[in-house]
Amino acid sequence: MNETERLAATRRVKQVGLTEGGALVVGCAPVDAFNEFVPEGHRPQDILPGAKTVIVAGNKGPTAGAWRSPDHRVMEITGYDFRENVAVHIMADFIEREFGHQAIQAPSLPTAGHHPPMSMMLSAVLAGLGTRSLAANIILHPQYGLLYYASVITTLELVPDQRLEKNVCPAPMCVKVYEASGKTPCIASCPADEGGCLDGKLDREGNISESYYNRERCHSRAMNFGVGSFQKSLAEIVSEPDGQARKTMIYSDFFFNNVSALSFYKESVAQCFECMRVCPIGRKEKILK
Ligand code: SF4
Ligand code: SF4
């Protein structure tokens with residue numbers, strides 16, 4: 001493929017992801033871009049030999065309406081989890097059918113602890129879709145803020161996107177809040193020094209100079225209906241000596257939601273969005289009639 005054909009192929013694949021797949025954003029990263037950050041044996045070309053490109057699709061989790069609902073249960077159980085995967089499957093099929101190149105969905109769910117074989121956060125950054133933030137390291141897209149990402153690894157060589165030159169976080173408003181109070185809005189919503197999960201510092205130019213995120217604490221708070229909390233609950237239940245109390249724990253709403261989350265694999269729906277709720281990035285996108 002020459003450069004013109006590669007550009008045309010890139011446009012077609014992205015278009016398919018955006019229109020047929022329903023992705024909000026699509027970006028491409030060359031597999032070599034991962035070398036600087038990922039050790040040998042764990043790179044995209046180790047997952048798909050001969051891989052040339054990682055194509056990343058981003059989509060919203062909660063809708064604008066869900067963000068505005070006064071009933072917190074809406075956000076707890078009705079996220080559009082895994083929606084971004086649709087675009088990835090459609091693009092992978094399209095590449096194999098139209099171009100005769102191999103394409104797979106990148107493995108992005110944890111296989112050991114909280115570690116997936118491949119980081120979608122890094123993929124999104126390398127594909128020019130966003131940068132890491134002070135809020136739980138979430139990758140913020142400059143227009144949409146929080147998005148959920150999935151990606152395709154393919155042997156098809158496409159034209160890569162440039163990484164963003166400017167960090168999306170902190171927003172100018174957050175720098176002002178930090179200068180006045182010593183905390184950005186996200187850190188103030190979940191401060192580590194008051195039992196929360198976030199901390200960090202900005203330098204004189206308003207850039208992130210230090211960042212702290214307690215993932216274990218956040219995981220059990222933000223995803224309290226999921227694998228981690230099921231394990232935690234089970235350990236408590238089996239060590240409860242009182243038979244009646246044990247029965248109450250097993251039949252509680254909390255344990256019911258835990259088991260139900262497992263059976264539908266709803267772990268990606270979080271029960272806490274507070275650091276993102278206060279984040280100004282993408283706020284305009286959440287205001288509709
Ligand atoms: S998701 Fe919730 S618990 Fe986790 S860092 Fe954000 S505010 Fe804290
Ligand atoms: S509120 Fe959003 S933009 Fe502001 S510092 Fe936190 S993550 Fe960054």
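In which loop is Pro170 found? Pro170 is in the loop between β7 and α7, residues 172-181. Helices and strands here are DSSP runs, H or I of at least four residues for a helix and E of at least two for a strand, numbered from the N terminus. The peptide bond leading from Cys169 into Pro170 is cis, with omega near 0°.

Some housekeeping before I go on. This is a predicted model, in which local features need pLDDT of at least 70 and side-chain atom pairs count only at pLDDT 80 or more, while totals for chains, interfaces and linings use all residues. Residues are numbered from 1 along each chain as its sequence is written, chains are lettered from A and ligands numbered from 1 in the order in which they are written, and side-chain values use heavy atoms, with hydrogens and water left out.

Now the overall picture. The protein chain has 13 helices and 9 strands. Its C-alpha atoms fill a box of roughly 70 × 50 × 45 Å along the principal axes. The radius of gyration is 21 Å, which agrees with the value near 19 Å for a compact globule of 289 residues. That radius is taken over C-alpha atoms, and the globule rule is 2.2 Å times the number of residues to the power 0.38. Of the 289 residues, 44% count as buried. Buried means under 20% relative accessible area, exposed means over 50%, and partly exposed lies in between, with a 1.4 Å probe and protein chains only.

Let me take strand β2, residues 53-59. Its 7 residues are all buried, so β2 is largely enclosed by the rest of the structure. In a regular strand the side chains alternate between the two faces of the sheet. Here Thr53, Ile55, Ala57 and Asn59 point one way, and Val54, Val56 and Gly58 point the other.

What does β2 pair with? Strand β1, residues 25-30, is joined to β2 by 6 bridges and runs antiparallel to it. Two strands pair if DSSP finds at least two bridges between them. Gly58 of β2 is the bridge partner of Val25. Strand β7, residues 148-154, is also antiparallel to β2, with 7 bridges joining the two. In that pairing, Ala57 has Ala150 of β7 as its bridge partner.

There is also an open sheet of 3 strands, in the order β4-β5-β6, with antiparallel pairing. The edge strands are β4 (131-132) and β6 (145-146), each pairing on one side only. Strand β5, residues 139-141, and β6 share 2 bridges, and Gly145 in β6 is the bridge partner of His141.

Thr131 sits in β4 and is buried, at 7% relative accessible area. The C-alpha atoms of Thr131 and Leu164 are separated by 7.4 Å, with the two positions 33 residues apart along the chain.

The loop between β4 and β5 holds Ala136 and Asn137. Ala136 has a positive phi of about 60° although it is not a glycine, and Asn137 has one of about 65°, again without being a glycine. Ala136 is buried, at 12% relative accessible area, whereas Asn137 is partly exposed, at 23%.

On to the ligands. Residues count as near a ligand if one of their heavy atoms lies within 4 Å of it. The shell around ligand 1 includes Cys190, Cys197, Cys218, Cys272 and Cys275, along with Arg221 and Glu274. Helices α9 (215-222) and α13 (274-277) each supply at least two residues of that shell, and α9 gives the most, with 3. By class, the shell has 7 nonpolar, no polar and 2 charged residues. In this scheme Ala, Val, Leu, Ile, Met, Phe, Trp, Tyr, Cys and Pro are nonpolar, Asp, Glu, Lys and Arg are charged, and the others, Gly among them, are polar.

Around ligand 2 the residues include Cys169, Cys174, Cys186 and Cys279, as well as Pro170 and Pro280. That shell divides into 10 nonpolar, 2 polar and no charged residues. The cis bond mentioned at the start, from Cys169 to Pro170, therefore joins two residues of this shell.
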